[in-house]
Amino acid sequence: MGKKERAKERREKRMQEISLLRTIPYSDHQRWWSTETIAVVTGGNRGIGFEISRQLAMHGMTVILTSRDVSVGLEAAKVLQEGGLNVAFHQLDVLDALSIKQFADWLLQNYGGLDILINNAGVNFNLGSSNSVEFAQMVIATNYYGTKNMTQAMIPLMKPSSAGARIVNVSSRLGKLNGRRNRVENVAFRGLLSNLDTLTEEAIDRMLSTFLQQVEDGSWETGGWPQLSTDYSMSKLAVNAYTRLMAKKFTDQPEGHKIYVNCYCPGWVKTAMTGFAGNVSAEVGADTGVWLALLPDQAVAVAGKFFAERREISF
């Protein structure tokens, strides 16, 4: 059996394991949520976001599906509602501070806050082996600052709970610090991001500012940044670092006020973002995100971690 065949066999085995895990229902003592539990999903109108919304709603909670485009968001919510699921829609543009505030005000007024936040909204303009940074500013703004701004807006609205509130950031293995094919060669930034004791939001912002400045002056290719889908990889590198930072901050809260923050890689999913060239379905890609959001309260001390296929992976 050749290398490609063995790799394919391993992938198929992992998919079978995931399918098996998904058929095992949560027992009563593990089920900490109810119909009163509120989950917010950004970019929920299609792909992974739509599938996360569907799966969370199927577990019996209330899902707020958000989308920048009102018409497609309403249509996506309607599909789920017609399936008997408790799903509501509200417009949300994670790039627009006013849109975020209006959403937060509406959420507080109508639902009293939220229990779960899935930061899924994101963009990528590189397909296949292309590596243009033409839209680097947009990619960084959406994928990182959109996630950061939504998190900061939602944290005050997180409902107190003995099970803890949950934040799941959809990320990517492309954002690994020491990836075998896509590592950060910039030693200074790699050291800064790998040390949680010295990691700060300012350090993340400084790294991104340096990268974008190099994009502007044309020197980014020699900056020691990831070599594959560089702008997208940089945005997810920042998301991963921010996940660790927020987890450290909010797991130190008193009991009943803890917020458990994790991130995960859904894999190369067959969605519009990949030009439908991925090797896993949106259903499988959503699975680990839903699993993280619903971890039983006795196991939810898991925080500040990076997952793929329900397994912890290194940053």
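**Close-up 1. I118 and its bridge partner in strand 5.** In this predicted model, I118 has V168 of strand 5 as its bridge partner. Strand 4 covers residues 116–119, and strand 5 covers residues 165–170. Four bridges join these two strands. They run parallel.

**Close-up 2. The open sheet.** Eight strands build an open sheet. Their order is 3-2-1-4-5-6-7-8. The pairing is mixed. Strand 3 (87–91) and strand 8 (311–313) stand at the edges. Each has a single partner strand, so one side of each is left without a neighbour in the sheet. From one strand to the next, the twist averages 25°.

**Close-up 3. Helices lying across the strands.** Helix 5 lies across strand 4 and strand 5. Helix 5 runs at about 170° to strand 4. Helix 8 (residues 230–250) lies across strand 5, strand 6 (259–264) and strand 7 (306–308). Helix 8 runs at about 160° to strand 6.

**Close-up 4. Helix 4 packed with helix 5.** Two packed helices are described by the angle between their axes and the distance between the axes. Helix 4 spans residues 97–111, and helix 5 spans residues 136–154. They pack at an angle of about 30°, with their axes 10 Å apart. Angles under 35 degrees count as roughly parallel. Helix 4 and helix 5 are therefore roughly parallel to each other. Their crossing is right-handed.

**Close-up 5. Residues where helix 4 meets helix 5.** Helix 4 brings I100, F103, A104 and L107 to the contact. In helix 5, these residues meet N149, M150, A153 and M154. The contact residues divide into seven nonpolar, one polar and no charged.

How values were computed
Residues numbered from 1 in each chain as written. Predicted model: local features only at pLDDT ≥ 70, side-chain atom pairs only at ≥ 80, totals over all residues. Heavy atoms only, no water. Axes fitted to C-alpha atoms, helices over the stretch in contact; angles between N-to-C directions. Parallel < 35°, antiparallel > 145°, perpendicular 65-115°, else oblique. Left-handed = near helix turned anticlockwise from the far one by under 90°. Contact = heavy atoms within 4.5 Å. Nonpolar A, V, L, I, M, F, W, Y, C, P; charged D, E, K, R; others polar. Pairing = 2+ DSSP bridges.
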